[in-house]
There are 2 protein chains.
Amino acid sequence: MAAPCDTPSRILDAAERLFADRGIAATSLREITREAGVNLAAVNYHFGSKDGLIRELVRRRFSAVNEARLEALARLEAEYSPAPIPIEKLVRAFLEPAMRHFGEEDSAFPRFVGRLHLDPYPGMLQELRGAFLPVLERFLGPLQRVLPEVPRPVLFLRTFLMMGSLIHLLSNLRKHAEIFPACADALRDPDRILDELVGFAAAGLRHD
Amino acid sequence: MAAPCDTPSRILDAAERLFADRGIAATSLREITREAGVNLAAVNYHFGSKDGLIRELVRRRFSAVNEARLEALARLEAEYSPAPIPIEKLVRAFLEPAMRHFGEEDSAFPRFVGRLHLDPYPGMLQELRGAFLPVLERFLGPLQRVLPEVPRPVLFLRTFLMMGSLIHLLSNLRKHAEIFPACADALRDPDRILDELVGFAAAGLRHD
DNA sequence: GTCAGTTTAGAACAAACGTTCGATTTGTCC
DNA sequence: GGACAAATCGAACGTTTGTTCTAAACTGAC
């Protein structure tokens, strides 16, 4: 958080935190402005509307994740070309940017990124698709090259299942861990969790 | 759907369909009653409140899925005991009941079951946990027996990731397939999709 | 100090929400 | 056929929603 002082940043941070916890449609502007300590009208003044606020949040977070994914992929291609990139490297390049700040206390970033994928807020789906589809297609190429025996539609489906694991992890692990205190200790280390996710997804992608 | 005629069933079906598409918090009683072709007050008359309606839906669907899971597991234990149950069989026993009716036209059941897991409607989380935790613990035992080398917390985490794949598949595959028409054809067969999901999850659970 | 431009404050808006109520219709037994 | 319960209906309840408006407070340049 780092406690920014200007009103727009206070609104964005509060909105991200509340959206991550309660969902987008279920969070009102009054809750956001109360949490941010600013006036109700400030949202419409700075962002035009609730939709505008959401779009700005998407730009700030989701787009950043996707750009980081593409950069990581570009680095891998530069490193391995013309050889195919190992599947674990590809998977990690895709998953790690979304997991950033996962272990930090009170960081709503990963939970919000997860919720972005699954909250069907009207008009946001197209925006998400527009930002995500190019990334998916960009990864499917190198993925197909290391897994030539897997048919394209099947590879698409498996990538889709990997997405589900990531989103579920981002959105719900914290809450679920609270009910399994015995497991919570072992699942505290974010690097370890990322390793597990990468291993799980890579094995699922290449199985049989 | 089978077009039931009595009002409560019409409400339940319409609510399930709309909840699956737009989310629970984002769907109003007026939309539900309009879609069902009944009066607005009918919801509160038959179910007491919107919460009551949701609880009834959970009972009707989520509980049924979990009971089917336990029955499938019991059948496997009777078949294999005292030998450990193969991991693919275990995974399929867990995933198949939720995927039921997946390929049927206009069946909101799987999408709704998926949404049940991820929509943070107040008070529903506890109800879901109460119905799901016993099932999870019931499966973790046999799972641990076929994967003795995997530490318990790690096994819990991998099961969690499998849940994510399932939920994402149930909730979003239909919509995502619409944007990938080339893949939509190959992903039409629900049995094939279930096989892929089982293979993906089983490989992820046992990897390394 | 003054003035233009930007930001914030409080109050109010129409619309939509879940819920409640009394009247009306429907169905069923005597 | 009349009577009683169950079900449906239309209308309204009080809240809460996102949004808008105008006045007040602040900011920096001259």
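Reader: How far is a backbone N or O atom of A:N39 from a phosphate oxygen of DNA strand C?
Author: Keep in mind that we're looking at a predicted model. On the strand C side, a side-chain N or O atom of A:H46 sits 2.5 Å from a phosphate oxygen, and a polar backbone atom of B:K50 is 2.8 Å from one. For the backbone N or O atom of A:N39, the distance to a phosphate oxygen of that strand is 3.3 Å.

Reader: Which element gives the largest share of the surface near DNA strand C?
Author: There are 15 residues around this strand, with A:T7, A:H46, B:L29, B:R30 and B:K50 the closest. Sugar and phosphate make up 48% of the strand C atoms that come within 4 Å of the protein. The largest share, three residues, comes from α3(A).

Reader: And which element gives the most to the surface near DNA strand D?
Author: Here too 15 residues surround the strand, and A:L29, A:R30, A:K50, B:T7 and B:H46 come nearest. At least two residues each are supplied by α2 and α3 of chain A and by α3 of chain B. With three residues, the top contributor is α3(B).

Reader: Which residue of chain A has a side-chain N or O atom 2.9 Å from a base nitrogen of DNA strand D?
Author: Let's set the phosphate partners aside. A:S28 has a polar side-chain atom 3.3 Å from a phosphate oxygen of strand D, and A:L29 has a backbone N or O atom 2.9 Å from one. The side chain that has an N or O atom 2.9 Å from a base nitrogen belongs to A:R30.

Reader: What turn lays chain A on chain B?
Author: The superposition gives an RMSD of 0.1 Å, with a shift of 0.0 Å along the axis, and the turn is 180 degrees. The two copies are thus related as by a two-fold rotation axis. The same surface serves both, since 100% of the contact residues of chain A recur in chain B. So the turn you're after is 180 degrees.

Reader: Is A:H207 buried or exposed?
Author: This histidine lies in the segment after α10 of chain A. Leaving out residues up to four places away in sequence, A:H207 touches A:R158 as well as B:E196, B:G199, B:F200 and B:A203, and its side chain makes a polar contact with the side chain of A:R158 at 3.3 Å. Its relative accessible area is 11%, so A:H207 counts as buried.

Reader: How far apart are the end C-alpha atoms of helix α1 of chain A?
Author: The helix has 16 residues, and at 1.5 Å a residue they should span 22 Å. The model agrees with that, because the end C-alpha atoms are apart by 22 Å.

Reader: What phi does A:G23 take, just after α1(A)?
Author: The buried residues of α1(A) include A:I11, A:L12 and A:F19, and what covers the buried set includes α2, α3, α4 and α6 of chain A. Just past this helix, A:G23 has a positive phi of about 95 degrees.

Reader: Which glycine with a positive phi follows α2(A)?
Author: In this helix, A:L29, A:E31, A:I32, A:T33 and A:A36 are buried, and the buried residues pack against α1, α3 and α4 of chain A. The phi after the helix is near 75 degrees, and the residue is A:G37.

Reader: How many residues does the largest nonpolar core have?
Author: Those with the most contacts inside this core are A:L53, A:L95, B:L53 and B:L95. Beyond its neighbours within four places in sequence, B:L95 is in contact with residues including B:M162, B:L166 and B:L194. The size of the core is 142 residues.

Technical notes: Residues are numbered from 1 along each chain as its sequence is written. Chains are lettered from A and ligands numbered from 1 in the order in which they are written. This is a predicted model: local features need pLDDT of at least 70, side-chain atom pairs count only at pLDDT 80 or more; totals for chains, interfaces and linings use all residues. Side-chain values use heavy atoms; hydrogens and water are left out. A nonpolar core is a set of buried Ala, Val, Leu, Ile, Met, Phe, Trp, Tyr and Cys residues joined through side-chain atoms within 4.5 Å. Buried means under 20% relative accessible area, exposed over 50%, partly exposed in between (1.4 Å probe, protein chains only). Contact means heavy atoms within 4.5 Å. Helices (H or I, at least four residues) and strands (E, at least two) are DSSP runs, numbered from the N terminus. The expected span of a helix is 1.5 Å times one less than its number of residues. A polar contact is a pair of N or O atoms within 3.5 Å; within protein, one must be able to donate a hydrogen and the other to accept it, and residues adjacent in sequence count only if both atoms are side-chain atoms. Copies are superposed by least squares on the C-alpha atoms of residues with pLDDT of at least 70 in both. A residue is near a molecule or strand if one of its heavy atoms lies within 4 Å of it.
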